[in-house]
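Me: I'd like a close look at the backbone here, starting with any unusual peptide geometry and moving on to the elements around the unusual spots. Please keep it as one connected walk.

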Amino acid sequence: MLARVRSGVLIGVDAFLVDVEVDMALGMPFFSVVGLPDAAVRESKVRVLSAIKNSGFALPQKRITVSLAPADVRKEGTTFDLPIALSVLAAGKFLHASTLSHWLVGGELSLDGTLRPIRGALPLAIAARDAGFRGIILPQGNASEAALVDRIEVIAATTLLQAFKHLTAEEMLPPAARAHAPAQTHSTHGDMAEVRGQGDVKAALEVAAAGGHNLLMSGPPGSGKTMLARRLATILPAMTFEEALEVTKIHSALGLLREGSGVVAERPFRAPHHTISNAGLVGGGPTARPGELSLAHCGVLFLDELPEFRRHVLEVLRQPLEEGRVRLARANAHVSYRCQVMLVAAMNPCPCGFAGVSSRTCTCSPHRIAEYRARISGPLVDRIDITLETRPVDIRAIVRLESRERPSVWYRSRVEAARERQRARFVATPEIHCNAQMTNGQVATFCKTSSRSEEQLGRAVARFGLTARAHDRILRLARTRADLEGHASLEEDDVSFAIACRQLDRREASSESIQRFA
């Protein structure tokens with residue numbers, strides 16, 4: 001007898017529907033799986049047969065053939081265990097094959113018939129809804145993430161026998177409760193009040209968070225670069241439900257969600273080590289999996305010790321940072337991943353780390369310093385809106401400022417107010433969420449300057465040799481600063497602040513120029 005159930009395989013972060021067909025015929029007892037399965041799928045026959053037997057079913061001694069169609073798409077993972085088992089039971093006449101036609105099924109089986117969570121349950125649920133299925137049957141551990149999808153029933157089973165009884169209407173399982181927008185969670189990255197001093201850098205971080213701008217900090221060891229970068233995540237606005245769904249989908253496809261967890265409520269903060277490869281950073285490999293850049297979607301990608309990253313690894317960031325999307329082409333797949341991230345990077349001013357520090361002696365030669373800084377290409381720096389220097393904080397200043405530092409909630413309230421102004425500005429273009437994503441046409445429309453400010457900007461471009469891209473990034477940054485301060489149009493202070501935030505383009509860079517506007 002022939003039976004069929006629908007399941008899915010992940011291609012990138014999206015699910016591709018697969019027909020699981022089972023034929024049970026006379027012949028020597030044998031179990032074979034065809035349709036380009038990987039090792040995990042081929043091994044499913046052992047798990048399936050043991051789970052069926054330990055669930056109380058006695059299969060007839062026949063030849064069982066499982067076909068996963070279309071046959072030219074590679075099948076990976078353990079998602080097919082449950083659909084194969086149910087198809088085998090249908091082929092063995094334990095349940096009517098027609099009852100399987102309304103459901104998409106996925107789940108890994110233990111030898112005793114218990115269901116284990118799978119990766120990619122959220123993309124599977126989205127595919128089931130879009131294909132018009134009544135619902136999806138998944139392990140209990142995947143119920144919370146799959147329930148984020150509307151207009152579909154999510155049936156969560158703990159065992160193969162439970163799923164079987166639901167399909168035969170012997171013991172119906174209730175649909176999982178629909179999940180709602182994420183609640184604001186307590187940040188795990190500390191609080192801005194813990195950082196003493198560095199008022200100029202905090203002002204720049206606030207602007208970066210308000211407009212989604214990329215940022216690069218250069219300073220000696222111990223000046224607080226990493227501490228500040230981690231606390232940037234605490235002043236970012238809360239994610240919308242649509243953003244949380246996109247982030248959760250990526251984490252689900254990679255199996256990074258904790259069992260039983262639903263939506264990812266906190267903006268991602270990813271800090272890969274400098275030994276990471278191209279594929280690890282932007283995605284790739286044989287199956288074109290997402291990398292750290294996509295895992296940081298809607299959040300922060302922090303690259304500490306930026307010059308220590310291999311040059312070719314950094315260069316692959318250029319196009320994704322500009323487009324907000326990674327596009328990967330492989331022989332068997334062409335995929336693209338969202339990567340609207342804030343790039344935050346930190347570096348030392350020289351190999352020893354103490355160039356320009358009055359209290360320490362730099363041991364690096366000018367040639368070595370130039371070679372060190374040249375590891376970061378000009379085109380990459382050109383895509384970073386804010387480049388500034390951090391200075392060591394005097395111990396006496398730390399003691400004096402200890403009780404006067406503003407907490408993250410103060411910064412976040414201002415950031416959210418600025419983001420609200422931006423949402424109103426871009427209401428006609430929902431794909432644009434913040435000032436850093438403005439197109440050139442929108443820059444010309446929303447970033448108009450006075451004649452005096454335009455002259456000031458022109459002098460800065462000529463003096464520091466800035467590119468046309470840097471010119472537009474300065475205007476975007478000025479627009480964000482104006483949103484923070486509640487200015488309807490760009491004022492001279494806004495443009496001056498934005499120019500001062502391009503410190504690495506300037507020989508006479510000094511943090512006092514930013515502190516003046518903080």
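## Backbone, from loops to sheet

Reply: Pro70 sits in the loop that runs between strand 4 (63–69) and helix 3 (81–91). The peptide bond joining Ala69 to Pro70 is cis, with omega at about 5°. Please keep in mind that this is a predicted model, so each angle is a computed value.

Next come the positive phi values. One belongs to Gly12, in the turn of a hairpin made by strand 1 and strand 2, where two residues lie between the strands and phi is about 75°. Strand 1 (residues 2–11) and strand 2 (residues 14–25) are antiparallel, paired over ten bridges. Within that pairing, Arg6 has Asp19 of strand 2 as its bridge partner.

Ala169 also has a positive phi, near 65°, and this residue is not a glycine. Its place is the loop between helix 6 and helix 7, just after helix 6. Ala169 is exposed, with a relative accessible area of 54%. Turning to helix 6 (residues 160–167), the buried residues are Leu160, Ala163, Phe164, His166 and Leu167. Viewed down the axis of helix 6, these fall within an arc of 160°, and therefore they line one face of the helix. A general point helps here: an α-helix has 3.6 residues a turn, so residues three or four places apart point the same way.

Cys298 is another residue with a positive phi, about 70°, that is not a glycine. Is Cys298 buried or exposed? Its relative accessible area is 9%, so Cys298 is buried, the cut-off being under 20%. Cys298 lies in the loop between helix 11 (292–295) and strand 12, and strand 12 takes us straight to the sheet.

That sheet is open and consists of five strands in the order 11-12-15-10-16, with parallel pairing. Which strands stand at its edges? They are strand 11 (269–270) and strand 16 (386–389); each has a single partner strand, so one side of each has no neighbour in the sheet. Further in, strand 10 (residues 215–218) pairs with strand 15 (residues 342–347) in the parallel sense, over four bridges. Leu215 and Val344 of strand 15 are bridge partners.

Helix 8 (residues 225–232) packs against this region. Its buried residues are Lys225, Leu228, Ala229, Arg231 and Leu232. They share one side of helix 8, because the arc they cover around the axis is only 170°. Their packing partners are strand 10, strand 11, strand 12 (300–303) and strand 15, along with helix 7 (199–211).

Since you may be thinking about open space too, here is the largest pocket: about 730 Å³ of space lies in it. It is lined by 37 residues, and those closest to its centre are Leu321, Glu322, Gln340, Ala436 and Gln437. Two or more lining residues come from each of helix 9 (241–253), helix 13 (318–323) and helix 20 (468–485). Helix 20 gives the largest share, five residues. By type, the lining divides into 13 nonpolar, eleven polar and 13 charged residues.

To set these parts in the whole, the protein has 22 helices and 16 strands. Of its 518 residues, 53% are buried. Among contacts with a separation of 6 or more, 74% are between residues 24 or more positions apart. Along the principal axes, the C-alpha atoms fill a box of roughly 85 × 45 × 45 Å.

Technical notes: Residues numbered from 1 in each chain as written. Predicted model: local features only at pLDDT ≥ 70, side-chain atom pairs only at ≥ 80, totals over all residues. Heavy atoms only, no water. Pairing = 2+ DSSP bridges. 1 Å grid on protein atoms, 1.4 Å probe; cavity = no way out; pocket = protein on both sides within 12 Å on 5 of 7 lines; lining within 4 Å. Points joined across faces, edges and corners; volume = space filled by probe spheres on them. Nonpolar A, V, L, I, M, F, W, Y, C, P; charged D, E, K, R; others polar. Buried < 20%, exposed > 50% of the residue type's maximum accessible area, 1.4 Å probe, protein only. Arc of directions from axis to C-beta. Contact = heavy atoms within 4.5 Å.
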